[in-house]
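Subject: Structure for you to look at

Hi there,

Here is the structure I promised to pass on, and my notes on it follow below. I hope they help you find your way around when you open it.

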Amino acid sequence: MRAADVMTTEVVSVDPDMSVQALAALLSERGISGVPVVDADNRVVGIVSEGDLLHRVETGTERRLEGRAGHRRSWWLDTIASDRELARDYVKSHGRTVKDVMTRDVVSVSDTAELADIAMLLETKRIKRVPVVRDGRLVGIVSRANLVLATTKSAPATIADPDDRAIGDQLLRELKAKSWVDISSADIIVRDRVVHIWFSDDQPREEQLTFRVAAENIPGVRRVEEHIVAPPAPEAAPGSGEGQT
């Protein structure tokens with residue numbers, strides 16, 4: 001699936017010159033946590049979220065740049081925050097328009113981007129949403145919620161009346177494609193489209209889950225049954241045993 005398949009197309013966007021107060025009201029009224037910022041040509045020039053309004057002078061939540069008596073903050077704090085960071089924090093807390101508080105370095109994707117790439121982007125960048133553009137213009141937005149919803153709509157491809165052999169063959173192909181799976185660590189039998197998997201009781205649970213999840217995703221499988229067996233007892237060393245003197 002691609003971005004165009006799951007994105008929200010009726011995107012709420014704002015103008016860079018919108019006031020911070022109007023932005024706060026919009027986010028509250030629409031029940032959204034962030035919006036892209038676009039110019040007159042609908043090109044994305046920034047993105048702004050409720051996090052950008054977290055430290056504001058109106059609510060007394062701005063980051064303290066000076067002490068109560070007007071003295072500079074303590075020397076050890078000065079070593080942490082550079083002058084550039086102090087200036088940025090001041091603008092964030094006192095800026096009057098969206099362009100003052102928005103993030104300008106916007107991460108965006110094309111409408112043909114694969115969902116796997118978008119999911120990785122959201123995770124690595126630690127962001128909740130990403131604008132979707134076509135020819136440089138905003139056409140949609142993909143959020144984490146969109147990806148979750150896509151999961152409920154998608155389903156594995158089906159095959160017509162699969163038999164036990166077809167299920168077993170497909171399961172083995174799936175497992176062999178995973179470099180971290182040791183197929184010999186479990187016994188697999190398919191009967192009446194029920195996958196039976198035998199594990200040793202000392203096998204890590206994560207490995208057992210890999211087998212079960214792979215089997216559950218094979219089209220035609222009715223259910224998966226796991227069987228735990230004790231590992232074989234170690235053979236006695238030569239010359240040992242009862243009756244020796």
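Helix H8 (residues 164-176) lies across strands E6 and E7, and its direction makes about 150 degrees with that of E6. Helix H9 packs on this sheet as well, where it touches E6, E7 and E8 and runs at about 155 degrees to E8. Please keep in mind that the model is predicted.

The sheet under these helices is an open one of three strands, in the order E6-E7-E8, with mixed pairing. Strand E6 (187-191) and E8 are at the edges with a single partner strand each, so each of them has one side without a neighbour in the sheet. On average, neighbouring strands here are turned by 20 degrees against each other, ignoring direction.

How do strands E7 and E8 pair, and over how many bridges? E7 (residues 194-200) and E8 (residues 223-229) run in the parallel sense, and seven bridges join them. To get from E7 to E8, the chain passes through H9 (residues 205-216), and this β-α-β crossover is right-handed. If you want residues to click on, Ile197 has Glu226 in E8 as its bridge partner, and Trp198 stands opposite His227, also in E8.

Now to another sheet. Strands E3, E4 and E5 make an open sheet of three strands in the order E3-E4-E5, again with mixed pairing. Its edge strands are E3 (109-110) and E5 (137-143), each of which pairs on one side only. E3 pairs with E4 (residues 129-134) in the parallel sense over two bridges, and Ser110 has Val133 in E4 as its bridge partner. Helix H6 (residues 115-125) lies across E3, E4 and E5, and it runs at about 135 degrees to E4.

There is also a hairpin, formed by E1 and E2 with five residues between them. In its turn, Asn42 has a positive phi of about 65 degrees. The two strands pair in the antiparallel sense over five bridges, and Pro36 finds its bridge partner in Ile47 of E2.

You may like the pockets best, and both of those below draw on strands already described.

The largest pocket holds about 360 Å³ of space. Which of its 16 lining residues are closest to its centre? They are Ile47, Ser49, Thr103, Arg126 and Ile127. Ile47 is thus a residue to look at twice, as it is also the bridge partner of Pro36. Strand E2 (44-49) and E4 each supply at least two residues of this lining. By class, the lining has seven nonpolar, three polar and six charged residues.

The second largest pocket has a volume of about 220 Å³. Thirteen residues line this pocket, and Thr8, Ile32, Gly34, Arg129 and Ile141 are the closest to its centre. Strand E1 (34-38) and E5 each supply at least two residues of the lining, and E1 gives the most, with three residues. Here the lining divides into six nonpolar, five polar and two charged residues.

To put the pieces side by side, the hairpin strands E1 and E2 come up again at the pockets: E2 supplies residues to the lining of the largest pocket, and E1 to that of the second largest. From the E3-E4-E5 sheet, E4 is found at the largest pocket and E5 at the second largest.

A good way in is to start at H8, follow the chain through E7, H9 and E8, and then turn to the two pockets.

Happy browsing, and do write back with any questions!

Best wishes

Key: Residues numbered from 1 in each chain as written. Predicted model: local features only at pLDDT ≥ 70, side-chain atom pairs only at ≥ 80, totals over all residues. Heavy atoms only, no water. Pairing = 2+ DSSP bridges. Helix = DSSP H or I, 4+ residues; strand = E, 2+ residues; numbered from the N terminus. Contact = heavy atoms within 4.5 Å. Axes fitted to C-alpha atoms, helices over the stretch in contact; angles between N-to-C directions. 1 Å grid on protein atoms, 1.4 Å probe; cavity = no way out; pocket = protein on both sides within 12 Å on 5 of 7 lines; lining within 4 Å. Points joined across faces, edges and corners; volume = space filled by probe spheres on them. Nonpolar A, V, L, I, M, F, W, Y, C, P; charged D, E, K, R; others polar. Right-handed = clockwise from strand over helix to strand, strands pointing away.
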